[in-house]
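Please walk me through the fold of this protein, step by step. I would like each answer to come with its reasoning.

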Amino acid sequence: MYIKDIGEHQLLSIINQYCDQTINGDDGAIIAFDSDRNLVVTTDILVENVHFSDRTTPPESIGYRGVTANLSDIAAMGGMPIGITVGLSLRGDTEINWVEKLYQGMKKCLAPYNINIVGGDITKSETNTISITALGKVSASHSIYRHQAQVGDVILVTGNHGLSRAGLEILLFPEKYSHLPPQIREKVIFAHQYPKPRLEVIKYLYELCQYGYRIAGMDSSDGLADAILQICHQSKVGARLDRTSIIVDEAITTIIGRKTAFEWVLYGGEDFELVLCLPLNLAKKIQQEFGEKCQIIGQITSSLEVQIIDQQNSNLQLSLNQKKTFQHF
């Protein structure tokens, strides 16, 4: 039997047998450090022709996106980053300029948060591969886990989903979409190449709730649908989503049409937004602070099903299909 025969999730279940079950399973690992601060650790790997290519991603964007993925994982755990390390496996014929642009993109993403690259490793490889490990800090009372959703919580998401998928589409098939207005092309390409980690939301939560909170959540790097499914599965709850509350950006509908646009919103991935399950009063305060950047799209239920309800037709119920979410194998 091979990895391709069992898929990503079954492979993870095998690997998890060798991991600390009390820590593993979220966007990052929270490790007890002292009485009021815990360490958050997360690692992401980017492989050439799997996660990036010259066709869609210049080296500066590769570095920027790689850092965003890690900072987003730290934010999804309720933490604030304190530093990253970078491991590179490179082909010998890689241009020095490519490497410099890669690190310039990393620094560009880190600079607003005063975070530094504090180490790493370099080795030779037949395929260019970047492995980034981010370190962060969080108090136990502010930690966010996937298993903490409770019946009655609302589901709040940051940003508009599907834009990164739309950007990738245009980069892959530029001739097909050459008729689009430049502002639409630029908007979705920028969303794909330079996504922003939502650390400002976590910082606001810290300031708002000095004595902590109970929030379930994760980031939407593998898609909005995947994030909701993962949270519900680990919390042993269900969800009821209001389709009319899930924003479909007009740029996406202009590119691909409304039906496919909604599929991209649910399953597109690589938006690196936050999906949070929390009490309504706290969600409303976040909305007041960040406005249109945050939307309440549904509620956690006691049913184990995850459904999307169209308010114009109460009989329309769509079950989210995990097979549509991104899988490596």
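The questions and answers below concern a predicted model.

Visitor: In what order do the five strands of the open sheet lie?
Guide: The pairing in this sheet is mixed. Strand 3 (residues 80-90) pairs with strand 5 (residues 129-138) in the antiparallel sense, over nine bridges. Strand 3 also runs parallel to strand 4 (residues 117-124), joined by seven bridges. The full order is 1-2-5-3-4.

Visitor: Which strands stand at the edges?
Guide: An edge strand here has a single partner strand, so one side of it is left without a neighbour in the sheet. That applies to strand 1 (29-32) and strand 4.

Visitor: Which residue in strand 4 stands opposite leucine 90?
Guide: Look at the parallel pair, strand 3 and strand 4. Isoleucine 84 stands opposite isoleucine 117 there. Leucine 90 faces lysine 124.

Visitor: What is the handedness of the β-α-β unit made by strand 3, helix 3 and strand 4?
Guide: Helix 3 (residues 96-110) belongs to this unit along with the two strands. Helix 3 lies across strand 3, strand 4 and strand 5, at about 170° to strand 3. The unit is right-handed.

Visitor: How is helix 4 oriented relative to helix 5?
Guide: Helix 4 (residues 163-172) and helix 5 (residues 182-193) pack with their axes 7 Å apart, at an angle of about 110°. Angles of 65 to 115 degrees count as roughly perpendicular. Therefore helix 4 is, relative to helix 5, roughly perpendicular.

Visitor: How many nonpolar residues does the contact of helix 4 with helix 5 have?
Guide: Helix 4 brings residues including Leu163, Ile170 and Leu171. Helix 5 brings, among them, Val188, Ile189 and Arg185. By class, four residues are polar, two are charged and the nonpolar ones number eight.

How values were computed: Residues numbered from 1 in each chain as written. Predicted model: local features only at pLDDT ≥ 70, side-chain atom pairs only at ≥ 80, totals over all residues. Heavy atoms only, no water. Pairing = 2+ DSSP bridges. Helix = DSSP H or I, 4+ residues; strand = E, 2+ residues; numbered from the N terminus. Right-handed = clockwise from strand over helix to strand, strands pointing away. Axes fitted to C-alpha atoms, helices over the stretch in contact; angles between N-to-C directions. Parallel < 35°, antiparallel > 145°, perpendicular 65-115°, else oblique. Contact = heavy atoms within 4.5 Å. Nonpolar A, V, L, I, M, F, W, Y, C, P; charged D, E, K, R; others polar.
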